[in-house]
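User: I have a structure open and would like to go through it with you. Could we start with the charged side chains and then move inward?

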Amino acid sequence: MQRVLIICVGRMKERFYIDAAAEYARRLSRYCRLEIVELPEQRLPENPSRAEIGRALAREAAAIRARLPSAAAVVALCIEGKLRSSEEVARLLGDAARGSEKCLAFLIGGSFGLDESLKREAWVRLSMSPMTFPHHLARVMLLEQIYRGFQINEGGKYHK
């Protein structure tokens, strides 16, 4: 069974996000071994400088790397990533399952995104939309798209 890891910077607090994520995690349990890792977002002053943001992103990147398996295909969620259809996400899931990597790891940054080094090192850069979403909502949207992708690959009726 394919291993899917989602590493998120920031913890969910709102019950509606927690419930939605739990529902998709439950649905995904028949398709993959899903693990969601929440890492703390670095604290910054009210109006941080670019240098302060850069240092915080570098510390978050180090924490992310510490949780990444050595044999992982990494997908970085970022605004400058490629927009993909649900069918293309399904192909990514299939390609990763057929590849030599033991794990497909999705990275979701905090309020200031992901460190540039993580984006450069990623197998795929994925954009959910040119619009900006709260990272907790992006997590729920990602879980839904992963579920949809497995459904597409199986020929299920969920995807219309």
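User: Why are Asp-19 and Arg-15 separated by about one helical turn?
Analyst: This is a predicted model. Asp-19 and Arg-15 are separated by about one helical turn because they stand four residues apart in helix H1. Their side chains meet in a salt bridge, with 3.0 Å from N to O.

User: Is Arg-15 buried or exposed? And what about Asp-19?
Analyst: Arg-15 has a relative accessible area of 53%, so it counts as exposed, the cut-off being over 50%. Asp-19, at 41%, is partly exposed.

User: Which residue forms a salt bridge with Arg-26?
Analyst: Arg-26 pairs with Glu-23, and the closest N and O atoms are 2.6 Å apart. Both residues belong to helix H1, where they lie three residues apart, about one turn of the helix. Arg-26 is exposed at 53% relative accessible area, while Glu-23 is partly exposed at 28%.

User: What joins Asp-95 and Arg-98?
Analyst: A salt bridge joins their side chains, at 2.9 Å from N to O. The two residues are in helix H3, three residues apart, again about one turn of the helix. Asp-95 is partly exposed, with 40% relative accessibility, and Arg-98 is exposed, with 63%.

User: Why can such side chains pair in general?
Analyst: Side chains of opposite charge can pair when their charged atoms come close.

User: How many salt bridges are there in the whole structure?
Analyst: A search of the whole structure gives 13 salt bridges. There is also a network of salt bridges that links Arg-3, Glu-35 and Arg-67.

User: New topic: how many aromatic pairs does the structure hold?
Analyst: It holds five aromatic pairs. One of them is formed by Phe-16 and Tyr-17, a tilted pair with 4.5 Å from centre to centre and 50° between the planes. Phe-16 is exposed, at 56% relative accessibility, whereas Tyr-17 is buried, at 14%.

User: Why is the pair of Tyr-24 and Tyr-147 called tilted?
Analyst: The planes of the two rings are at 55°, and planes from 30 to 60 degrees apart count as tilted, so this pair is tilted. The ring centres are 6.2 Å apart.

User: Where in the chain do those two sit?
Analyst: Tyr-24 is in helix H1, which covers residues 15–28, and Tyr-147 is in helix H5, which covers residues 135–154. The pair links distant parts of the chain, as the two residues are 123 residues apart. Both Tyr-24 and Tyr-147 are buried. They also belong to one aromatic cluster, together with Tyr-31, Phe-150 and Tyr-158.

User: Which residues does Glu-144 touch, not counting residues up to four places away in sequence?
Analyst: Glu-144 touches Tyr-24 and Tyr-158 by that count. Glu-144 is part of helix H5. Its relative accessibility is 12%, which means that it counts as buried, the cut-off being under 20%. In addition, a polar contact of 2.7 Å joins its side chain to that of Gln-145.

User: Now the interior. How many residues has the largest nonpolar core?
Analyst: The largest nonpolar core has 27 residues, and those with the most contacts inside it are Ile-6, Phe-106, Ile-146 and Phe-150. Several elements each supply at least two residues of this core, including strand S1, H1, helix H3 and H5. The largest share, six residues, comes from H5.

User: What is Phe-150 in contact with, leaving aside its neighbours within four places in sequence?
Analyst: Phe-150 is then in contact with Gln-2, Val-4, Leu-28, Tyr-31, Cys-32 and Leu-93. Apart from the core just described, there is a second, separate core of 17 residues, and among them are Ile-7, Val-37, Ala-72 and Ala-105.

User: Last one: where does Leu-44 lie?
Analyst: Leu-44 lies in the loop between strand S2 (32–39) and helix H2 (50–67). It is partly exposed, with a relative accessible area of 26%. Not counting residues up to four places away in sequence, Leu-44 touches Glu-52, Ile-53, Ala-56 and Phe-112.

User: How far apart are Leu-44 and Ser-29 in space?
Analyst: They are 36 Å apart, C-alpha to C-alpha, and 15 residues apart in sequence.

Methods. Residues numbered from 1 in each chain as written. Predicted model: local features only at pLDDT ≥ 70, side-chain atom pairs only at ≥ 80, totals over all residues. Heavy atoms only, no water. Phe/Tyr/Trp six-rings, centres within 6.5 Å; stacked < 30°, edge-to-face > 60°. Buried < 20%, exposed > 50% of the residue type's maximum accessible area, 1.4 Å probe, protein only. Polar contact = N/O pair within 3.5 Å; in protein donor to acceptor, adjacent residues only side chain to side chain. Contact = heavy atoms within 4.5 Å. Core = buried A, V, L, I, M, F, W, Y, C linked by side-chain atoms within 4.5 Å. Salt bridge = Lys/Arg side-chain N within 4 Å of Asp/Glu carboxyl O.
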